[in-house]
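User: Please examine the model shown below. I should like to understand how its interior is organised.

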Amino acid sequence: MKESGRKLGALSPCAACKLLRRRCAQDCVFAPYFPADEPQKFASVHKVFGASNVNKMLQELPEHQRSDAVSSMVYEANARVRDPVYGCVGAISSLQRQIDSLQTQLALAQAEVVHMRVRQFTSSSNYPGAMDMAVDQATMGESLWSC
């Protein structure tokens, strides 16, 4: 059974203290967030931010926000290890390009649906003014979908 990143009974140092080769104190700020069985988690954070900076950041935050801060640091550190220049900004930019591309594809598909409806409407109607009404509906439909 574990408690705060440490085994009960034998005091196993947390991943941070193990990597830094120091004794893990009972009130170690790293222990709850960097358990001994996840050494890579602290290693990447330490490589990018440094143990001293991580310690300062965690101590400045209220305890209820520390877990989220550690998750963010781990995410950023892993992204920074994969892409040293852009880090998570590179991943965000890539996702933004995908969103833009998909929005363009969606707009084209919506325009095609409107065009097909207009063709269907004009081919099924039997009176002369149908074409004017169909074009007006098509123009209105496209303007509703364009963002």
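User: How many residues does the largest nonpolar core have, and which have the most contacts inside it?

Analyst: This is a predicted model. In soluble globular proteins, nonpolar side chains tend to be buried together. Here the largest nonpolar core has 21 residues, and those with the most contacts inside it are Cys14, Phe30, Phe34 and Leu58.

User: Which element gives the most residues to this core?

Analyst: Two or more residues each come from helix 1, helix 2, helix 3 and helix 4. The element that gives the most, with five residues, is helix 4.

User: Why do the buried residues of helix 3 lie on the same side?

Analyst: In helix 3, residues 51–60, the buried residues are Ala51, Val54 and Leu58. An α-helix has 3.6 residues a turn, so residues three or four places apart point the same way. On the other side of helix 3, Gln59 and Glu60 are exposed. The buried residues are on the same side because they cover an arc around the axis of only 65°.

User: What is the orientation of helix 2 with respect to helix 4?

Analyst: The axes of helix 2 and helix 4 come within 8 Å and cross at roughly 75°. Angles of 65 to 115 degrees count as roughly perpendicular. Helix 2 is therefore, with respect to helix 4, roughly perpendicular.

User: By class, which residues make up the contact of helix 2 with helix 4?

Analyst: Helix 2 contributes residues including Val45, Val48 and Phe49, while those of helix 4 include Val70, Met73 and Val74. Among the charged participants are Lys41 of helix 2 and Arg80 of helix 4. By class, the contact has two polar, four charged and eight nonpolar residues.

Terms used
Residues are numbered from 1 along each chain as its sequence is written. This is a predicted model: local features need pLDDT of at least 70, side-chain atom pairs count only at pLDDT 80 or more; totals for chains, interfaces and linings use all residues. Side-chain values use heavy atoms; hydrogens and water are left out. Buried means under 20% relative accessible area, exposed over 50%, partly exposed in between (1.4 Å probe, protein chains only). Helices (H or I, at least four residues) and strands (E, at least two) are DSSP runs, numbered from the N terminus. The arc is that of the directions from the helix axis to the C-beta atoms. Axes are lines fitted to C-alpha atoms, for helices over the stretch in contact, and angles run from 0 to 180 degrees between N-to-C directions. Angles under 35 degrees count as roughly parallel, over 145 as roughly antiparallel, 65 to 115 as roughly perpendicular and the rest as oblique. Contact means heavy atoms within 4.5 Å. A nonpolar core is a set of buried Ala, Val, Leu, Ile, Met, Phe, Trp, Tyr and Cys residues joined through side-chain atoms within 4.5 Å.
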